[in-house]
Amino acid sequence: MSSSEALARLAEERVDHRFKGLPPDADGLTVGELAAQRRNLFAEADGFGSPVLALSAERLEHNLALMEAYAERHGLAFAPHGKTSMAPQLFHRQIEHGAWGITLAVPHQVRVARAFGIQRVFLANELVDASALRWIAGELAADPAFRFVCYVDSVRGVELMDCALRGAARPVDVVVELGAGEGARTGVRTEAEALAVADAVARARTLRLVGVAGYEGEVPQADPERVRSYLRRLVGLAAELDGAGLLKDAEEIVVSAGGSAWFDAVADVFDEIPALSLPVLKLLRSGAYVSHDDGHYRRLTPFARVPEEGALEPAFRLWAQVVSRPTPEQAFANAGKRDAAYDLDLPAAQVVRRNGVEHPADGITVTGLSDQHAWLRTEPGTDVEVGDWIGLGLSHPCTSFDKWQLIPVAEADGTVVEYIRTFF
């Protein structure tokens, strides 16, 4: 099945009780039929319930275009991390906006991407699951155009991969992951360990070493100097492996890094990569940009440090309804941990809607979340009543997308123009 056919089948899925916040009278319609009705998120007659998570059509497009321009301006290839959204429709829009491919984290996510025709996958993990490796080998054998790259960070991991892949038609491309420092996450800790892993790959006929990778977001006590120092180690490791002849079988040398907090440092340091024996694929992997947020990444985004490059815009808003106003100092809305990200920051009250009129949520603070309730502290004189709709800004896109299977994409006036299907 082609990618266009797979995406078209998403529009044929029937709307029913599985999908939170959608109009009850839409049950039985296909997603495509519902989208064609262009219902309004805020019109009572159109039937959207609360809570409901929506994406801004305009801001989503802005963010896609901004990162496309940024990567092109800095000479970077771009494989945004798909774990953020796990939405094949967004994967393809990212590729349409210049992405080289999609980064993923675990085998299930790769299966989703392949089901929707993604041709280039960068797996930011060492893969030692034998059944998953055999499936990858089958995909590579069946589709000569499919490119797959994953991490290695141990001799033991290389041995397990080699054992599982015996008899594979094509070797699996791997990059040595350099850890970001003591106490950081995965990856070899020293260049000597990296060379040992690279040597093990050279002895494994089922694998092909094509470069190096890392994640600067794990640098302990990260600041610009420490992050750039780590990235220069990564670049130096690529040069060392190349000089030792360990990348001679690659078609191009992959050097990859880039979360959503330090991609400016990645662009700067990757611009310093010296001439190597082969062309270099400078691969950035930032993923949170697609929706951005109103908390964690709003504070950390490099665009705040380099405003001349542009600015991402938060595209999510969670709409909940005030269901209780027990005291003048307190109110409760009907969205909680099942609906909103809360691992990095609590949601932030932004606007209140009543009778079609919207005003700032002044004096309203989210102080906690229960499973299905948001606890709201209200300052004296705050204008909020039972029945009002509260628009909440969210922090951390990865734990916002994963709570919703079908997300309306609404234009500024509330007209819903499409629905994004997620696969977590």
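**View 1. Strand β5 shared by two crossover units in the predicted model.** In this predicted model, strand β4 (residues 120-126), helix α6 (residues 130-142) and strand β5 make a right-handed β-α-β unit. Strand β5, helix α7 (residues 155-164) and strand β6 likewise make a right-handed β-α-β unit.

**View 2. Pairing and burial of strand β5.** Strand β4 runs parallel to β5 and is joined to it by five bridges, with Glu126 standing opposite Tyr151 in β5. Four bridges join β5 to strand β6 (residues 172-177), again in parallel, and here Val149 stands opposite Asp173 in β6. Six of the six residues of β5 (residues 147-152) are buried; Arg147, Val149 and Tyr151 point one way from the strand, whereas Phe148, Cys150 and Val152 point the other way.

**View 3. A salt-bridge network that includes residues of β5 and β6.** Arg147, which is one of the buried residues of β5, is linked with Asp173, Arg208, Glu251 and Glu252 in a network of salt bridges. Asp173 is the β6 residue that stands opposite Val149.

**View 4. The salt bridge between Glu61 and Arg93.** The closest N and O atoms of Glu61 and Arg93 are 2.9 Å apart in this salt bridge. Glu61 lies in helix α3 (residues 57-73) and Arg93 in helix α4 (residues 88-96), so the pair ties together parts that are 32 residues apart in sequence. Glu61 is partly exposed, with a relative accessible area of 31%, while Arg93 is buried at 17%.

**View 5. The salt bridge between Arg166 and Asp162.** The closest N and O atoms of Arg166 and Asp162 are 2.8 Å apart. Arg166 counts as exposed at 59% relative accessibility, whereas Asp162 counts as buried at 11%.

Methods:
Residues are numbered from 1 along each chain as its sequence is written. This is a predicted model: local features need pLDDT of at least 70, side-chain atom pairs count only at pLDDT 80 or more; totals for chains, interfaces and linings use all residues. Side-chain values use heavy atoms; hydrogens and water are left out. Buried means under 20% relative accessible area, exposed over 50%, partly exposed in between (1.4 Å probe, protein chains only). Two strands pair if DSSP finds at least two bridges between them. A crossover is right-handed if, with the strands pointing away from the viewer, the path from the first strand over the helix to the second runs clockwise. A salt bridge is a side-chain nitrogen of Lys or Arg within 4 Å of a carboxyl oxygen of Asp or Glu.
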